[in-house]
Amino acid sequence: MATAIYLEHYLDSIENLPCELQRNFTLMRDLDNRTEEKKGEIDKLAEEYIANVKNLASGQRVEHLQKIQNAYSKCKEFSDDKVQLAMQTYEMVDKHIRRLDADLARFENELKEKLELSGYESTEGRGLKKSELRGQREKRGSSRRGRKGSEEDSPRKKKMKNSPDLSDTLLPMQPSDVLDMPVDPNEPTYCLCHQVSYGEMIGCDNPDCPIEWFHFACVDLATKPKGKWFCPRCTQDKKKK
């Protein structure tokens, strides 16, 4: 039930994402068209200047060159706006990816803890369950002597014998697998491990820290500490001073 509720909330959070992406892409396309128009205007002004430069007075030359310069500045402005939109779009999508990766790692940890508590990770627990099942099968076999063969030799029981343990079925991946997921090569990296952001992270309170953000596991943290926190590198540099 909790998984269904989480999925519903997550889908609600990305409900407007397609519209926002479409809006940004439309704005970028509009900026591209305006830039192309300005480039055509620059080409036309340059041709006019080259053709008439000998007949133009000094003041007219400066005025003509200023028009070309203004057109180039406008093109640069359009290009800067497009870059900002592209970065905003990337962050918009990357924010949801980071959230999903963090939640996935947390769910995997919770699932592993539940399996360990329920005894599926214990060899003795599995052995006890198998012995109990074997005793129940023997009782059923003795009470059904008239049947041909035993239930233990049936295809269904063979399939159960050859199937993997429940823990292997329910836990096909570990939280560390988040690091192996394909990521954008342009995505920034953090922490002492130089990996992308995932799971819970903590920021160093040193404003001059070159790394800034760290994964909990890489700095031996299980929960967020109270008060200010400084990374191992900044702590060591502070002691040297």
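# A guided reading of the predicted model

His64 lies in helix H3. This residue offers a convenient entry into the structure, which is a predicted model. His64 is buried, because its relative accessible area is 13% and the limit for a buried residue is under 20%. Leaving aside neighbours within four places in sequence, His64 is in contact with Leu45, Glu48 and Tyr49. Of these partners, Leu45 and Tyr49 belong to the buried residues of helix H2.

Before the two helices are followed further, the chain as a whole deserves attention. The protein chain has 241 residues, of which 20% count as buried. Its secondary structure consists of seven helices and two strands. Read along the sequence, these elements follow the pattern α-α-α-α-α-α-β-β-α. Among contacts between residues at least 6 apart in sequence, 52% join residues at least 24 apart.

Helix H2 comprises 36 residues, from residue 17 to residue 52. How far apart are the end C-alpha atoms of H2? At 1.5 Å a residue, the helix should span 52 Å, and its end C-alpha atoms are 53 Å apart, so the expected and the computed values agree. The buried residues of H2 are Leu17, Leu21, Asn24, Met28, Leu31, Thr35, Ile42, Leu45 and Tyr49. What covers them includes helix H3, which runs from 58 to 118.

The relation between H2 and H3 can now be stated in geometric terms. Two packed helices are described by the angle between their axes and the distance between the axes. The axes of H2 and H3 come within 9 Å and cross at roughly 165°. H2 is therefore roughly antiparallel to H3, since angles over 145 degrees count as such. The crossing of the two helices is left-handed.

Ser79 gives a second view of this pairing. Ser79 is placed in helix H3, and its relative accessible area of 34% makes it partly exposed. Ser79 and Thr35 are 44 residues apart in sequence, yet their C-alpha atoms are 7.6 Å apart in space. Thr35 is one of the buried residues of H2.

The nonpolar cores come next. In soluble globular proteins, nonpolar side chains tend to be buried together. The largest nonpolar core here has 11 residues: Cys191, Ile202, Cys204, Cys209, Ile211, Phe214, Phe216, Val219, Trp229, Cys231 and Cys234. Apart from this core lies another, of five residues, among them Ile42, Leu45, Ile68 and Cys75. Ile42 and Leu45 also appear among the buried residues of H2.

Within the largest core, Phe216 may serve as an example. Not counting residues up to four places away in sequence, Phe216 touches Glu200, Met201, Ile202, Leu221, Ala222, Thr223 and Lys224. One of these, Ile202, is itself a member of the largest core.

Two loop residues complete the account. Where is His194 placed? His194 is in the loop between helix H6 (166–170) and strand S1 (201–203). Its phi is near 55°, a positive value in a residue other than glycine. His194 is exposed, because its relative accessible area is 58% and the limit for an exposed residue is over 50%. Glu212 is found in the loop between S1 and strand S2 (213–215). The phi of Glu212 is near 80°, again a positive value in a residue other than glycine. With a relative accessibility of 44%, Glu212 counts as partly exposed.

Conventions:
Residues numbered from 1 in each chain as written. Predicted model: local features only at pLDDT ≥ 70, side-chain atom pairs only at ≥ 80, totals over all residues. Heavy atoms only, no water. Core = buried A, V, L, I, M, F, W, Y, C linked by side-chain atoms within 4.5 Å. Buried < 20%, exposed > 50% of the residue type's maximum accessible area, 1.4 Å probe, protein only. Contact = heavy atoms within 4.5 Å. Helix = DSSP H or I, 4+ residues; strand = E, 2+ residues; numbered from the N terminus. Expected span 1.5 Å × (residues − 1). Axes fitted to C-alpha atoms, helices over the stretch in contact; angles between N-to-C directions. Parallel < 35°, antiparallel > 145°, perpendicular 65-115°, else oblique. Left-handed = near helix turned anticlockwise from the far one by under 90°.
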